[in-house]
Amino acid sequence: MRLREELPEFPNSAIWLNGAWSKEQLVGEKPVLVYFWSVSCQACKRAPSVINLWKSKYGDRFNVIAVHMPRFQEDANTNIVQSTAAAIGINHSIFLDHDLTISKKYQNQMVPNFYLFDKKGQLRHRQTGEYGWHMLEKRLVLLINER
């Protein structure tokens with residue numbers, strides 16, 4: 001995905017944990033952080049604590065969606081995803097991308113991977129890996145404060 005591209009639509013047939021979202025619900029008022037993770041990725045398991053810290057700092061001023069992208073066949077077990085998500089503190093919505101539909105739309109092949117969209121739904125920042133939290137937070141705050 002390239003900068004300024006629009007937030008892709010989530011399929012109607014999607015399976016969600018912790019509540020579902022549509023593109024219409026996400027675009028218009030708040031920035032959106034979409035991040036890809038997998039139960040078999042150790043680096044991915046550190047992201048929720050940072051994101052939860054930002055949620056406590058900035059409250060409801062941005063939305064978060066976690067996209068579970070399996071790296072191996074056994075990663076696609078919904079029970080394992082649910083228990084892992086609870087254990088690592090993911091309490092926001094999780095899109096189960098077990099057929100890689102959203103991963104293909106984002107042209108995403110790695111986890112963890114972070115996509116930050118502005119209030120209009122345009123991609124403004126993309127970051128791969130678990131490092132660079134400070135830069136991602138800085139971009140998030142800029143988008144929160146953008147008119």
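Pro48 is a good place to start, since this proline is buried, with a relative accessible area of 0%. In this predicted model, Pro48 sits in helix 2, the helix that runs over residues 47-58. Leaving out residues up to four places away in sequence, Pro48 touches Tyr35, Ile88, Gly89 and Ile90. Another proline, Pro112, is 64 residues away from Pro48 in sequence, yet the two C-alpha atoms are 11 Å apart in space.

Pro112 itself turns up in the loop between helix 4 and strand 5, the latter covering residues 113-117. The peptide bond leading from Val111 into Pro112 is cis, with omega near -10 degrees. Both partners of that bond, Val111 and Pro112, are in contact with Cys44. The cis bond and the cysteine can thus be looked at together.

What else does Cys44 contact, beyond its neighbours within four places in sequence? Trp37 and Ser38 complete the set, alongside Val111 and Pro112. Cys44 belongs to the loop that joins strand 2 (32-37) to helix 2 (47-58). Across 85 residues of chain, the C-alpha atoms of Cys44 and Gly129 end up 8.4 Å apart.

Cys44 is also half of a disulfide, and the other half is Cys41. In general terms, a disulfide is a covalent bond between the sulfur atoms of two cysteines. Here the sulfur atoms of Cys41 and Cys44 are 2.4 Å apart, which puts the pair inside the 2.5 Å cut-off for a disulfide. By that rule, the count for the model is 1 disulfide. The link between Cys41 and Cys44 is right-handed, with 85 degrees about the S-S bond.

Are the two linked cysteines buried or exposed? Cys41 has a relative accessible area of 5%, so this residue counts as buried. Cys44 has 1% relative accessibility and therefore counts as buried too. The cut-off behind both calls is a relative accessible area under 20%.

Stepping back to the fold, the chain has 5 helices and 6 strands. In sequence order, these elements read β-α-β-α-β-α-β-α-β-β-α. The radius of gyration of the chain is 14 Å, close to the 15 Å that the globule rule gives for 147 residues, so the chain is as compact as a globular protein of that length. Along the principal axes, the C-alpha atoms fill a box of roughly 45 × 30 × 25 Å.

How much of the chain is buried? Of the 147 residues, 50% count as buried. The accessible surface adds up to about 7700 Å², and 50% of that area belongs to carbon and sulfur atoms. As for contacts between residues at least 6 apart in sequence, 74% of them join residues at least 24 apart. The chain carries 19 positive and 14 negative charges, and the mean positions of these two groups are 7 Å apart.

Helix 4, which spans residues 101-106, holds Ser103. Ser103 is buried, at a relative accessible area of 3%. Setting aside residues up to four places away in sequence, this serine touches Phe36, Met69, Asp97 and Asn108.

Just ahead of that helix comes a backbone oddity. Leu100 lies in the loop between strand 4 (93-96) and helix 4, and Leu100 has a positive phi of about 65 degrees although it is not a glycine. With a relative accessible area of 30%, Leu100 is partly exposed.

Where does Asn18, another non-glycine residue with a positive phi of about 65 degrees, lie? Asn18 is found in the loop between strand 1 (15-17) and helix 1 (23-26). At 45% relative accessibility, Asn18 counts as partly exposed.

Definitions and conventions. Residues are numbered from 1 along each chain as its sequence is written. This is a predicted model: local features need pLDDT of at least 70, side-chain atom pairs count only at pLDDT 80 or more; totals for chains, interfaces and linings use all residues. Side-chain values use heavy atoms; hydrogens and water are left out. Helices (H or I, at least four residues) and strands (E, at least two) are DSSP runs, numbered from the N terminus. The radius of gyration is taken over C-alpha atoms; the globule rule is 2.2 Å times the number of residues to the power 0.38. Buried means under 20% relative accessible area, exposed over 50%, partly exposed in between (1.4 Å probe, protein chains only). Contact means heavy atoms within 4.5 Å. Accessible areas come from the Shrake-Rupley method with a 1.4 Å probe; for residues, only the protein chains shown count as cover. Lys and Arg count as positive and Asp and Glu as negative; His and the chain ends are not counted. The place of a charge is taken as NZ of Lys, CZ of Arg, CG of Asp or CD of Glu.
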